Amino acid sequence: MSVLVWGVPTESPVELLLGALSRHGADPVVLHPRRFLEQHVDVGLAGGELRGSIRVGDRTTDVGDIGGVYVRPIEPELVPELRGVAADDPAMLRARAGFDALMAFTEAAPDALGCRVASRLSAMASNMSKPYQAQLVQRGGFDTPETVVTDDPDEARAFVDAHHGAIYKSVSGVRSIVSVVDLDRDAERLGLIRWCPVQFQEIVRGRDVRVHVVGDEVYAAIVDSSATDYRYARAQVGEDATLAPYTLPDDVAERCVRLARDLDLPFAGVDLLLADDGRVVCFEVNPSPGYPWYETAAGLPISDALARWLLRAA
Amino acid sequence: MFVVLCDLDDSAALWLDSRFRELGQTSVLVTSGLLSFARRRSQWIGRDGTRATVDLGDAGVIDEPALVVNRLLSPPTAAWQWAQPGERDYAGAELTAFTLSWLAALPGAVRNRPTPTCLAGPSPHPLHAAVVAHRAGLDVPDAEPGVGSSTLWLLEAAVRSAAPAARVDHLVVLDGRIVDAGGVERRVGARMPEGFPAGIARFADAVGASEGLIGIDVVVAEGRWWFAGMTPLPDLMLAGDALVQDLIALDARVVTR
């Protein structure tokens with residue numbers, strides 16, 4: 001069985017995976033978004049079954065021979081060679097056709113062929129709304145922080161007062177730096193939320209743990225930092241966060257695997273906090289985790305696990 | 001209170017809202033534009049569950065509606081139409097995220113709950129939908145998807161592979177059941193094959209529409225009913241008052257639970 005890697009080979013998550021696949025003796029088919037002219041994807045239905053092939057250069061792979069796919073593409077509009085190119089330009093049309101055909105294949109392949117896909121783009125979309133995903137996380141058995149999403153400054157003020165402080169961050173998957181609300185400093189700016197709801201959450205104190213779920217396996221790192229958002233620790237508190245491997249309690253590990261499965265995300269980054277009050281709080285589930293920092297700083301063999309999962313050796 | 005949620009140009013939603021009113025229901029038509037200029041939008045998520053309120057001023061407050069018919073395709077961004085593109089895109093993402101979360105958690109009967117890929121409800125990729133339809137026991141034509149996610153390629157393929165006398169029709173499916181199946185058969189001039197309604201129910205369940213209101217295109221030829229695509233925005237008027245009554249009955253089911 002072949003493995004398909006749909007992403008930019010020099011981007012660190014893809015690069016680490018390609019290295020791991022190579023160490024396992026695999027020769028994956030790499031679909032580089034910038035090399036769309038060298039690729040041709042031909043998929044369709046025959047007798048209700050998924051049929052077709054994927055050609056990269058002079059290598060053609062029948063879709064029935066593809067056992068696993070790693071999905072980390074970039075949209076054609078963001079490909080450097082196509083920046084500023086009109087939507088009806090032949091090159092853009094070619095790139096778009098390839099992207100759409102690959103998306104069609106990865107959406108249908110798990111049901112049609114039993115192919116392992118990490119992960120379908122449709123499944124990754126749950127992360128586009130943090131409060132929506134929080135509802136799914138609660139159903140998965142985790143606590144989530146007390147939250148209000150509001151465009152009412154009085155409501156926001158009352159929430160911050162009731163919880164003796166709060167943080168705010170984006171509602172959508174658009175990356176934002178988690179920051180603490182200062183009602184005095186932010187008094188005037190708070191009025192601006194009338195235009196668009198903002199998410200406010202109670203401040204939960206404890207230790208951050210990042211859990212990478214790969215199939216049924218978990219790889220967790222515990223974070224040491226006093227920053228509100230440890231990803232930006234240097235900017236917030238003057239020094240980087242440090243990471244160490246962490247062994248999750250069995251029941252928490254099982255909940256992480258179940259949650260990722262319920263979200264149809266065989267590869268996921270689960271952001272937990274071991275709260276000082278004993279709760280295990282889940283902030284969000286990253287559907288396409290940028291895992292290299294956790295792999296290198298905490299020594300977690302995540303890329304190896306992902307390679308084994310794609311090769312069905314796990 | 002019934003709420004019909006839609007984009008501004010959705011004539012089927014306008015029709016449904018007016019039929020609800022004519023039949024004595026309290027119904028509010030909420031367009032994306034009205035939602036964009038809401039007086040207040042808040043949602044709370046925590047240990048006590050999830051609740052929300054959307055205050056539309058004179059149009060009323062949506063907090064615990066009895067029934068929501070959701071046909072919202074685009075996020076409520078009318079208030080941002082003159083903003084800088086970057087800010088408008090950011091607001092669009094934020095308002096989509098809020099709307100998704102709000103509709104997902106609304107109490108009462110909601111047809112449809114949104115999905116992360118479509119605010120209006122279940123919307124699997126057409127190729128995936130076709131594979132699922134085949135697995136559900138429905139006839140699916142041989143076809144190759146075109147560029148984009150349009151379902152027309154499947155419809156075109158079904159028409160091409162069917163006999164010249166093929167009929168194209170549209171089924172309105174509520175909670176896995178074909179609304180006014182007898183009326184559909186009269187319109188098409190053919191009986192549904194044995195097992196076809198059960199196949200539709202299996203399909204609806206597999207795409208997350210076992211509690212949903214979807215439309216399914218079919219091509220009928222020589223006794224076979226070919227699956228030719230699905231949409232979370234069915235042609236409501238085609239199902240007529242049979243659908244209106246079924247939707248009103250959903251409210252009664254929620255009340256008696």
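Me: Two strands pair if DSSP finds at least two bridges between them. In this predicted model, which residue of strand 7 of chain A stands opposite Gly68(A)?
Reply: Strand 6 (residues 66–72) and strand 7 of chain A run parallel and are joined by three bridges. At least two bridges are needed for a pair, so three bridges make these strands partners. Within strand 7 of chain A, the residue opposite Gly68(A) is Arg116(A).

Me: Which strands stand at the edges of the open sheet of chain A?
Reply: The sheet has four strands in the order 2-1-6-7, with parallel pairing. A strand at the edge has a single partner strand, so one of its sides is left without a neighbour in the sheet. This applies to strand 2 (29–31) and strand 7 (116–118) of chain A.

Me: By how many degrees are neighbouring strands of this sheet turned against each other on average?
Reply: The strands concerned are those in the order 2-1-6-7 of chain A. With direction ignored, the average turn between neighbours is 15 degrees.

Me: What angle does helix 10 of chain A make with strand 7 of chain A?
Reply: Helix 1 (residues 12–23) of chain A lies across strand 1 (2–7) and strand 6, running at about 165 degrees to strand 1. Helix 10 (residues 302–310) of chain A packs on the sheet too, touching strand 1, strand 6 and strand 7. Its direction and that of strand 7 of chain A make an angle of about 150 degrees.

Me: Which element of chain A gives the most residues to the side that touches chain B?
Reply: In the contact between the chains, 41 residues of chain A meet 38 residues of chain B. Strand 3 (39–46), helix 2 (90–113), helix 4 (130–139) and strand 8 (147–150) of chain A each give two or more residues to this side. The top contribution is nine residues, and it comes from helix 2 of chain A.

Me: How many residues of that side of chain A are nonpolar?
Reply: The side of chain A that touches chain B includes twelve polar and nine charged residues. The remaining class, nonpolar, numbers 20.

Me: Which residue of chain B stands opposite Val149(A)?
Reply: Strand 8 of chain A and strand 3 (residues 40–46) of chain B run antiparallel, joined by four bridges. Opposite Val149(A), in strand 3 of chain B, is Gln43(B).

Me: How far apart are the axes of helix 4 of chain A and helix 3 of chain B?
Reply: Helix 4 of chain A contributes Lys130(A), Pro131(A), Tyr132(A) and Gln135(A) to this contact, while Ala97(B) and Leu100(B) are among the residues from helix 3 of chain B. The helices pack at an angle of about 35 degrees. The distance between their axes is 7 Å.

Methods:
Residues numbered from 1 in each chain as written. Chains lettered and ligands numbered in written order. Predicted model: local features only at pLDDT ≥ 70, side-chain atom pairs only at ≥ 80, totals over all residues. Contact = placed C-beta atoms within 7 Å. Nonpolar A, V, L, I, M, F, W, Y, C, P; charged D, E, K, R; others polar. Axes fitted to C-alpha atoms, helices over the stretch in contact; angles between N-to-C directions.
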